[in-house]
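This report describes the fold of a protein, beginning with one helix and the sheet beside it.

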Amino acid sequence: MKFLVISDTHGKTEKVQEIYNKIGDIDSIIHLGDYEKDAKYLESSLGCDVISVRGNMDGGYSKDDFKILDTECGRILLTHGHMQNVKNSVQSLMYFAEEQGCSTVLFGHTHRALNADADGLRLINPGSITLPADGSRGTYAILTIEDGKLDVEIMEIEKSDTTSGNNTSGGNSAPSKSKPKVQGGFIRDLLNNSDRF
């Protein structure tokens, strides 16, 4: 089984579609929250199975917003991570995974990629394709389960992936001036950086 693991797309799915089509042999997409509607859109537009959990920006979430995948490599916990306060520490996440009997955790929320082992627990965060917080062009993960082995590779968006599709006019016209990007205000920052909103 081969999974494309993503998180924190925040309404922008174009790069995910490009990556999915480029890779080509994905069995399923795992979307780790923010936004749930993006996961539903990807499932319908790509015709691919998408396993998703709700994030802090999806509203109406609870401690039960997680899923567990039973695999030949053990149980895998899927969560956004906001309920475990992952922006401050992964300690609560590790305890929660242990309570669920999981050997691997896939989580998001920090917008920073991570692939680490901590006391026998595999911690994997694909980062964010559209809003990375680690200085990258955006990241995602490829998770492969084969012959009883779990393999994860964190991938950074290639420069060609970030520039494709900018000119849709079809001609040789000069690029149009784009409006300056609106920065989020206090409330948006509060919601994005809080582990309880």
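Which strands does helix 1 lie across, and at about what angle does helix 1 run to strand 1? Helix 1 lies across strand 1, strand 2 and strand 9, and runs at about 165° to strand 1. Axes are lines fitted to C-alpha atoms, for helices over the stretch in contact, and angles run from 0 to 180 degrees between N-to-C directions. Contact means heavy atoms within 4.5 Å.

The model is predicted: local features need pLDDT of at least 70, side-chain atom pairs count only at pLDDT 80 or more, and totals for chains, interfaces and linings use all residues. Residues are numbered from 1 along each chain as its sequence is written, and side-chain values use heavy atoms, with hydrogens and water left out.

The protein has five helices and ten strands; helices (H or I, at least four residues) and strands (E, at least two) are DSSP runs, numbered from the N terminus. Of its 197 residues, 44% are buried, that is, under 20% relative accessible area with a 1.4 Å probe, protein chains only. Among contacts between residues at least 6 apart in sequence, 54% join residues at least 24 apart.

Five strands form an open sheet with mixed pairing, in the order 3-2-1-9-10. Its edge strands are strand 3 (50-52) and strand 10 (149-156), each pairing on one side only. The twist averages 20° from one strand to the next. Two strands count as paired if DSSP finds at least two bridges between them.

Strand 1 (residues 2-6) is mostly covered, with four of its five residues buried. Strand 1 pairs with strand 9 (residues 139-146) in the antiparallel sense over four bridges. Strand 1 also runs parallel to strand 2 (residues 28-31), joined by four bridges. The table lists residues of strand 1 with the residues opposite them.

| Residue in strand 1 | Opposite residue | Strand of opposite residue |
|---|---|---|
| Phe3 | Leu143 | strand 9 |
| Leu4 | Ile29 | strand 2 |
| Val5 | Ile30 | strand 2 |

In a regular strand the side chains alternate between the two faces of the sheet.

Strand 1, helix 1 (residues 14-23) and strand 2 make a right-handed β-α-β unit. A crossover is right-handed if, with the strands pointing away from the viewer, the path from the first strand over the helix to the second runs clockwise.

Conventions:
Buried < 20%, exposed > 50% of the residue type's maximum accessible area, 1.4 Å probe, protein only.
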